[in-house]
Amino acid sequence: MTTGAIGVARPRIEGPAKVTGTARYAADVPIEGLAFGAVVLSTVTRGRIRDIDTSAVQDMPGVLGVIDHRNALRLNPKAGGFFGPDGGLQLLQDEVIPFAGRPVALVVAETLEQAQAAAEALPVTYDEEPHDTEFTADHPSGRPAMTLFDEPVNAGDVEAELAASAVVVEERYRTPEEHHSAMEPHSATAWWDGERLEAVDSNQGPFVVAAALATLFSLGLDQVHIRTEHVGGGFGSKGLCGPQLILAAMAALRLQRPVRVTLTRAQVFLATAMRPATDQPIRIGADADGRLRAIWHEPAFEISPLAEYIEGCTELTKTLYAAPAIRTRLTAVPLDILPPYSMRGPGAAPGSFALESAMDELAERLGMDPLELRLRNEPVVGPVSGLPFSNRNLVACLREGARRFGWGTRDHRPRLRREGSLLVGTGLAATSFSAGAFPSSASITAEPDGTFTVAIGATDLGTGARTALTAVAADALAVGTERIRLRISDSDLGPAWSAGGSRGTTSWVWAISEAGAQMRRQGCRGTVTVDTTQLLGDLPSRERHSYSAVFAEVTVDPATGEVRVRRLLGMFAVGRVVNPLMARSQVIGGMIGGLSMALHEEGIRDPVSGRHVNADFAGYHIAAHADVPDIEADFVPDYEPGIPLGVKGAGEIGNVGTAAAIANAVWHATGVRQRSLPIRLDRVLEG
Ligand code: MOS
């Protein structure tokens, strides 16, 4: 019997709790005897702390203590993140100031207001040193950046192919610092239960965060317990062990009582993470018929010397189009800035802006339909790897998207469509995003009342993971969803991948499917626990990606430079869709993120002070409701071979491609290329 919960559009299980206000986020959970910590951030960009005069605040009302580098617990310097050792986690360990916004103290008091008042009054003096926060691609301290997934490639003879090309586009594209801007600010409440560190924290993966916290505090993994019931978005900024958790844990240990640390909105901007600025020179050469001969893409991005991180802008360049020669290389430029981290389609989103803008410029110079240019360069195998694609439905996305959008009637010449005083244009972009699964464990217990308790250390960031995994478990056990009791959001539930890298659902579905199959084999009795580490090793080598095509229609007011997106349409190939309602919501959210990136988002850093000066939602613009037009998103039939249920990730691909589609539409409307994001009014007017 199959019950068929997968593929059915179901609303969020926790929807009623959220809209009635009974759902508790990390800062809402009531705890007896709670004290509050307020964080003090460095106001200088580089230098050393000269003094922190704690005596000035220790007698203020309610103040329980001040923790700074002189009295903080020594953390284990070996703690790291996904990219390696992470000095960004080493809070309050010395007097060195590596960037403006670095936490320098935590003031703890009986109430939040008392803690904030004392934090604001705390005198901190610094010995300032000269800083460097100005990012340029040819910065003398630039160095090669690479990881296993982002190694430089040099396939074929790029120089010779460019020389032999009928048309060469040679341009550079820039994207600014961008901030995740999740609705819920980062918050943690920590307390010590005997020898065990307990915490309720806002993060993307309680197990991964617990492992990092255990290392930092030199504890066994069984001595750390993290819960993350409801999370109001993360977009990558909650993928690591956040400053709120480290500081709350330090304070709880020192005061021997529960301490809550909630960052202010400004502190989320200044002290969590950001997408680094990028500067991406590209050269693409093609024959007169549009067949690519070479792609050369050598982006630079900024980092902090504190923490390794790779903005993998060349991911799409290696996989999207067939070309006999492809060369990519990434350069990291260390500066005195907030350590960057993965944000909303890391690497792929800024990289796609460069690659897909350049492809549009190539179509322009060839006098070709940009859609036809993409179709003509569809690869048979991985253009660099030579590996077969597991499956590849980019063409289906492009064709079906073009049909629904009405692309066929487009006149490809720019600046021809007017409506009253407005210029009107359309544009498209093709995208991919790498897919796969990471090891996770799941356990299922058959309960006496006929229900099944399904436990997995997954997280629901508001995307619908709870709802999707309930359906997956029901089908795996061949029962109705009402017989599934899902437990997630708890590091005690065993190793599990985070809600990150667009691999949450794939990784968790794998573990739950295996556990469900075993449970049925043993007659739906007792408990089974599986860990997919072994199973994942058996996957054959294939290029695995999600794909999409994004189409945009914009109006541009030539008098004011205002760009309005009028229509967005995305067709997606993301494997089997577990819940069409949630998946559609997620890719639409991603497309809005891409719209926001195209038109609004820009962290502004004052070169004199080195400080980020628009660290709030008045100065840092994100797309609001009125910016978001008619958006359509749908899925082409797709199934990922070798992965249980044929699932791939839908988490980030919506963010990828949208900015280029909009920039290309702005060119089509105005005849002027926008090679720097965001497409601000002044940039449109200058054009
Ligand atoms: Mo994501 S940017 O992998 O949370």
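Q: Before we get to Ser-440, what do buried and exposed mean here?
A: Buried means under 20% relative accessible area, exposed means over 50%, and partly exposed lies in between, with a 1.4 Å probe and protein chains only. This is a predicted model, in which local features need pLDDT of at least 70, side-chain atom pairs count only at pLDDT 80 or more, and totals for chains, interfaces and linings use all residues. Residues are numbered from 1 along each chain as its sequence is written, and side-chain values use heavy atoms, with hydrogens and water left out.

Q: OK, so is Ser-440 buried or exposed?
A: Ser-440 has 1% relative accessibility and therefore counts as buried.

Q: And what does Ser-440 touch?
A: Leaving aside residues up to four places away in sequence, its contacts (heavy atoms within 4.5 Å) include Trp-497, Trp-508 and Asp-531.

Q: Switching to rings, how many aromatic pairs are there?
A: The structure has 11, where rings of Phe, Tyr and Trp (its six-membered ring) pair if their centres lie within 6.5 Å, and planes under 30 degrees apart count as stacked, over 60 as edge-to-face and the rest as tilted. One of these pairs is Phe-405 with Trp-407, tilted at 45° with 6.5 Å between centres.

Q: Why is the pair of Trp-407 and Phe-551 called edge-to-face?
A: Because the planes of Trp-407 and Phe-551 stand at 70°, with the ring centres 5.7 Å apart, the pair is edge-to-face. Trp-407 and Phe-551 lie 144 residues apart in the chain, and both are buried.

Q: Which charged residue sits over the ring of Phe-405?
A: Arg-567 does, with its charged end 4.0 Å from the ring centre; the criterion is NZ of Lys or CZ of Arg within 6 Å of the ring centre and within 35 degrees of the ring normal.

Key:
Helix = DSSP H or I, 4+ residues; strand = E, 2+ residues; numbered from the N terminus.
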